[in-house]
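Me: Please take one part of this model and go through it slowly, since I am new to it. I would like to know which residues are hidden, which are open, and how the charged side chains are arranged.

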Amino acid sequence: MRDLYHGSTEDIMEIDFRKGKGYKDFGKGFYATAVKKHADSIALRSQIPRCKHTGHQICSDASIGVFDPRGSRQISVQARLLGSLLRGNKKALQAREERLRKRISGYKAKTFTAYRYNLEFDDRCISVPGNLKIKVFQMADKEWMRFILKNRDSEISVHNYDIVIGPTADENTVTIINSYKEELEDTDYADETLEALISELKPENLPKQYFFGTQAAIHLLRFKNVRREIVG
């Protein structure tokens, strides 16, 4: 059995892969990580205020770009603001909320409790998959990157795997990927461009994530005795 963790602000009593959202690294399903701190950061990130009317997270005051000296790419300020939040910069968050209250009629920040859910995964299936379809990415390589790019561009999973395991495209990774998006499209996702992108990701620092996309896969997961803990 392997210990896994899931970060969320939701009250989860039963694991339901169907509640997952699209446009994610490995598709639409349930995600977990083997790293506690990674689950904690995901849960804390979910605490970002939401607009009262749309329910969408408000991550920055505006869609602003910062010039990147590497070329014509732009990097979103959102990542910087998010980084400040995850480092505990509550003053910056409070100041931003105050500005939003003045600018947006009816704006009201919602408060959420961040939880880390503690799970056990029967990982014997990795070596003896049986009827399960399992994909394991041992490293952040070109195959992994192409797989992520396809899934992040789709509301549903673009594969039929029950379980996918591999490096996580965290917020910093996503920012770098977005900065390469135009170049990737212009070169039709050429190997050379993908290699340049991967070289900037520092893949050795990316935590591993676990994707469960079917009920058969979910059957291999269970909550531990201490189902969840408050983080932050």
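Reply: **A close look at one region and its charges**

Phe-147 is a residue of helix H5, and a good place to start, with the caution that the whole model is predicted. With a relative accessible area of 12%, Phe-147 counts as buried, because the cut-off for that word is under 20%. Farther along the chain, His-159 comes twelve residues away from Phe-147, and the C-alpha atoms of Phe-147 and His-159 are separated by 9.0 Å.

Helix H5 covers residues 142-151, and the loop that lies between H5 and strand E7 (163-167) holds Asp-153. Asp-153 is exposed, its relative accessible area being 61%, and together with Glu-182, Glu-185 and Asp-186 it forms a negative surface patch.

From here the path leads towards helix H7, by way of the loop between helix H6 (171-186) and H7, where Asp-188 has its place. Tyr-189 is found in that loop between H6 and H7. The backbone deserves attention at this point: most residues other than glycine have a negative phi. Asp-188, however, has a positive phi near 55 degrees without being a glycine, and Tyr-189, which is not a glycine either, takes a positive phi of about 55 degrees. As for their surroundings, Asp-188 counts as exposed at 64% relative accessibility, whereas Tyr-189 is partly exposed, with a relative accessible area of 32%.

Helix H7 itself takes in residues 191-200, and within it Thr-193, Leu-194, Leu-197 and Ile-198 are buried. When one looks down the axis of H7, these buried residues fall within an arc of 130 degrees, so they line one face of the helix. On the other side of H7, Glu-192 and Ser-199 are exposed. Just after the helix, Lys-202 takes a positive phi of about 55 degrees.

How do the charged side chains connect this helix to another part of the chain? Side chains of opposite charge can pair when their charged atoms come close. Asp-191 forms such a salt bridge with Lys-142, and the closest N and O atoms of the two are 3.6 Å apart. This pair links distant parts of the chain, since Asp-191 belongs to helix H7 and Lys-142 to helix H5, with their positions 49 residues apart in the sequence. Neither partner is fully open or fully hidden: Asp-191 counts as partly exposed at 37% relative accessibility, and Lys-142 is partly exposed with a relative accessible area of 26%. The pairing belongs to a wider arrangement, for Lys-142, Arg-146, Asp-191 and Glu-195 are linked in a network of salt bridges.

Another salt bridge joins the side chains of Glu-143 and Lys-135, at 2.8 Å from N to O. Glu-143 is partly exposed, with a relative accessible area of 44%, while Lys-135 is buried, with a relative accessible area of 18%.

To set this region in its wider setting, one can turn to the structure as a whole, in which a search finds 13 salt bridges. One of them is the contact between the side chains of Arg-116 and Glu-229, at 3.0 Å from N to O. This pair, too, links distant parts of the chain: Arg-116 is in strand E5 (residues 115-121) and Glu-229 is in strand E9 (residues 221-230), 113 residues apart. Arg-116 is buried, with a relative accessible area of 10%, whereas Glu-229 counts as partly exposed at 34% relative accessibility.

A last pair brings together residues that are far from each other in the sequence. Tyr-31, found in strand E2 (residues 30-33), is buried, with a relative accessible area of 16%. Tyr-31 and Tyr-210 are 179 residues apart in sequence, yet their C-alpha atoms are 5.6 Å apart in space.

Terms used: Residues are numbered from 1 along each chain as its sequence is written. This is a predicted model: local features need pLDDT of at least 70, side-chain atom pairs count only at pLDDT 80 or more; totals for chains, interfaces and linings use all residues. Side-chain values use heavy atoms; hydrogens and water are left out. Buried means under 20% relative accessible area, exposed over 50%, partly exposed in between (1.4 Å probe, protein chains only). Helices (H or I, at least four residues) and strands (E, at least two) are DSSP runs, numbered from the N terminus. The arc is that of the directions from the helix axis to the C-beta atoms. A salt bridge is a side-chain nitrogen of Lys or Arg within 4 Å of a carboxyl oxygen of Asp or Glu. Patches are made of residues with over 30% relative accessible area and no salt bridge: like charges are joined within 9 Å, nonpolar side chains (Val, Leu, Ile, Met, Phe, Trp, Tyr) within 5 Å. Accessible areas come from the Shrake-Rupley method with a 1.4 Å probe; for residues, only the protein chains shown count as cover. Lys and Arg count as positive and Asp and Glu as negative; His and the chain ends are not counted. The place of a charge is taken as NZ of Lys, CZ of Arg, CG of Asp or CD of Glu.
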